[in-house]
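Reader: I'm just starting out with protein structures, and I get lost when I look at a whole chain at once. Could you pick one part, take me through it slowly, and then show me how to look at the rest in a similar way?

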Amino acid sequence: MPTEHARPLTGIRVVEVSSFVASPLCGLTLSQLGAEVIRVDPIGGAADVNRWPLTDDGTTSIYWTGLNKGKKSVTADLRSAEGQRLVQRLVTESGPSGGILVTNSGGREWMSHNTLAGLRPDVILLELLGGSDGSPAVDYTVNAGLGFPQITGPIDHDGPVNHVLPAWDVVCGLYAALAVTSAVRRREQTGQGASIRLPLEDTALSIASTLGYLTEPQVNAHSRPATGNDVYGTYGTDVVTADGDRFMLVALTPRHFRDLVRITGTESVIASLEQALDADFSREADRYTHRSVLNALFGKWFAEHSTDEAATALDGSSVLSQRYRSFDEVVRSGALTDNPLFAELTQTGLGTYLAAGHPASFDGEHYFTGPAARLGADTPEG
């Protein structure tokens with residue numbers, strides 16, 4: 001593990017009353033960057049304390065320990081006046097670099113911004129909500145109402161396909177961490193606290209707008225079609241080798257495409273296609289428009305060559321490519337061992353394993369945290 005240096009958020013204290021993904025990920029990110037993060041759970045744990053995946057013996061949540069690495073753990077009866085006062089004290093009586101609360105359990109007067117600001121005027125409260133109107137929502141329901149499932153999955157599949165990665169939870173958690181650090185920066189400059197409202201749905205809508213998904217229907221009067229594993233607007237597709245393995249190929253630039261033509265030995269056929277189709281495959285739009293015929297042409301070459309032959313050819317080119325792998329294969333490949341992003345972590349209930357630190361390296365070093373604390377281990381006595 002790299003030598004410890006002062007981290008950007010060293011000295012900052014954050015109290016986190018949360019569960020599931022977005023809010024705990026915010027706290028984890030802040031912890032990796034040096035903040036002291038105290039997660040407060042109801043006695044016995046919040047709804048995610050035993051969430052899958054679990055260890056094979058069913059005793060420990062791999063999910064929970066992963067999202068709560070490096071945090072202190074306090075439990076309290078959050079329905080009691082005593083438990084509520086404990087949280088208020090943790091937030092407001094925490095020195096000049098404290099006074100920060102992150103929660104996805106908003107709507108409670110006892111930890112509202114008005115109440116906390118009455119105890120500490122410069123308090124920073126970030127509330128993660130579900131729907132834009134404050135109604136309950138989770139990643140999978142937000143995604144269902146946004147449009148992505150309609151264009152995800154095989155193009156011949158009749159019906160929506162949900163994503164596996166909770167993308168909006170992840171993005172929301174990272175936006176939350178950025179919002180907190182921005183509010184801390186403003187407080188340092190002005191002494192002003194902040195009441196921050198961050199709905200999961202608004203996070204998804206913002207990204208969908210920025211990437212054009214919501215702009216196309218407004219400007220062009222229609223949205224983009226489903227493209228299966230073909231990359232929209234450029235040339236990218238998956239191919240199958242003679243061994244039955246799959247590669248994802250992406251040719252973003254004319255050079256990428258020329259190399260793909262070269263390694264598949266299809267120069268003369270491509271030239272004939274350009275003439276017959278009145279196309280110029282140095283143009284991204286033409287590569288995308290005629291992707292079906294290109295897929296068949298390149299797919300034939302890969303179907304006639306082994307995985308090793310395909311990998312060697314691709315490695316010797318500029319084509320962006322990767323063989324599809326399972327999580328098991330990634331771990332067995334040594335990718336974690338060889339990457340300084342990972343370091344050994346000993347976690348009660350899990351044993352010792354390689355855990356990722358903060359993905360950004362500062363001056364060549366990644367920031368790591370310790371293991372997740374035992375539930376309630378840091379609860380004050382009395």
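Author: Let's start with a word you'll need: a residue counts as buried when its relative accessible area is under 20%, and as exposed when that value is over 50%. One caution before we go on: what you're looking at is a predicted model.

Now find Cys172. Its relative accessibility is 1%, which is under the 20% cut-off, so Cys172 counts as buried. Its partner in this story is Cys26, buried as well, with a relative accessible area of 0%. Seeing two cysteines, you might wonder about a bond between them. A disulfide is a covalent bond between the sulfur atoms of two cysteines. To count as one here, the two sulfurs have to be within 2.5 Å. The cysteine sulfur closest to that of Cys26 belongs to Cys172, but it is 8.8 Å away, which is too far for a bond. Check from the other end and you get the matching answer: Cys172 is in no disulfide, and its nearest cysteine sulfur is that of Cys26. In fact, the structure holds zero disulfides.

Even without a bond, the two cysteines belong to one packing arrangement. Cys26 is among the residues of helix 1 that meet helix 6, and Cys172 is among the helix 6 residues on the other side. Helix 1 runs over residues 22-32 and helix 6 over residues 167-190, and their axes are 8 Å apart. The angle between them is about 50°, which makes helix 1 oblique to helix 6. If you want the handedness too, this crossing is right-handed.

Look at who does the touching. From helix 1 come Ala22, Leu25, Cys26, Thr29 and Leu30. Do you see a rhythm in that kind of list? An α-helix has 3.6 residues a turn, so residues three or four places apart point the same way. On the helix 6 side, the residues include Asp169, Val170, Gly173, Ala176, Ala177 and Val180.

Which residues of helix 1 are buried? The list runs Ala22, Ser23, Pro24, Leu25, Cys26, Gly27, Leu28, Thr29, Leu30, Ser31 and Gln32. That is eleven of the eleven residues, so helix 1 is largely enclosed by the rest of the structure. Just after helix 1 comes Gly34, with a positive phi of about 110°.

Now zoom out. The chain has 382 residues, and 44% of them count as buried. It contains 14 helices and 13 strands, and its C-alpha atoms fill a box of roughly 80 × 50 × 40 Å along the principal axes. Take the contacts between residues at least 6 apart in sequence: 67% of them join residues at least 24 apart.

Val74 is a good place to see contacts like that. It sits in strand 3 (residues 72-76) and is buried, with a relative accessible area of 2%. Leaving out residues up to four places away in sequence, the residues Val74 touches include Ile38, Val40, Leu86, Leu90, Gly376 and Pro380.

From Val74 it's a long hop to Leu314: their C-alpha atoms are separated by 52 Å, and the two are 240 residues apart along the chain. The backbone oxygen of Leu314 lies 2.8 Å from a polar atom of the Ser317 side chain. Ser317 is in the loop between helix 13 (307-315) and strand 9 (320-323), and it is buried too, at 16% relative accessible area. Beyond its close neighbours in sequence, Ser317 is in contact with Asp259, Arg262 and Ile263.

Ile263 takes us to a second helix pair, since it is one of the helix 9 residues that meet helix 12. The axes of helix 9 (residues 254-264) and helix 12 (residues 291-303) come within 10 Å and cross at roughly 45°, which makes helix 9 oblique to helix 12. This crossing is left-handed. On the helix 12 side you'll find Leu294, Phe298, Trp301 and Phe302.

Finish with a few loops. Asp278, between helix 10 (267-277) and helix 11 (284-289), has a positive phi of about 50° although it is not a glycine. It is exposed, at 70% relative accessible area. Asp363 also has a positive phi, of about 55°, without being a glycine, and it is exposed at 82%. Last stop: a cis peptide bond joins Trp52 and Pro53, with omega about 5°, and Pro53 is in the loop between strand 2 (36-42) and helix 2 (62-67).

Terms used
Residues are numbered from 1 along each chain as its sequence is written. Side-chain values use heavy atoms; hydrogens and water are left out. Buried means under 20% relative accessible area, exposed over 50%, partly exposed in between (1.4 Å probe, protein chains only). Helices (H or I, at least four residues) and strands (E, at least two) are DSSP runs, numbered from the N terminus. A polar contact is a pair of N or O atoms within 3.5 Å; within protein, one must be able to donate a hydrogen and the other to accept it, and residues adjacent in sequence count only if both atoms are side-chain atoms. Contact means heavy atoms within 4.5 Å. Axes are lines fitted to C-alpha atoms, for helices over the stretch in contact, and angles run from 0 to 180 degrees between N-to-C directions. Angles under 35 degrees count as roughly parallel, over 145 as roughly antiparallel, 65 to 115 as roughly perpendicular and the rest as oblique. A crossing is left-handed if the near helix is turned anticlockwise from the far one by less than a right angle, and right-handed if clockwise.
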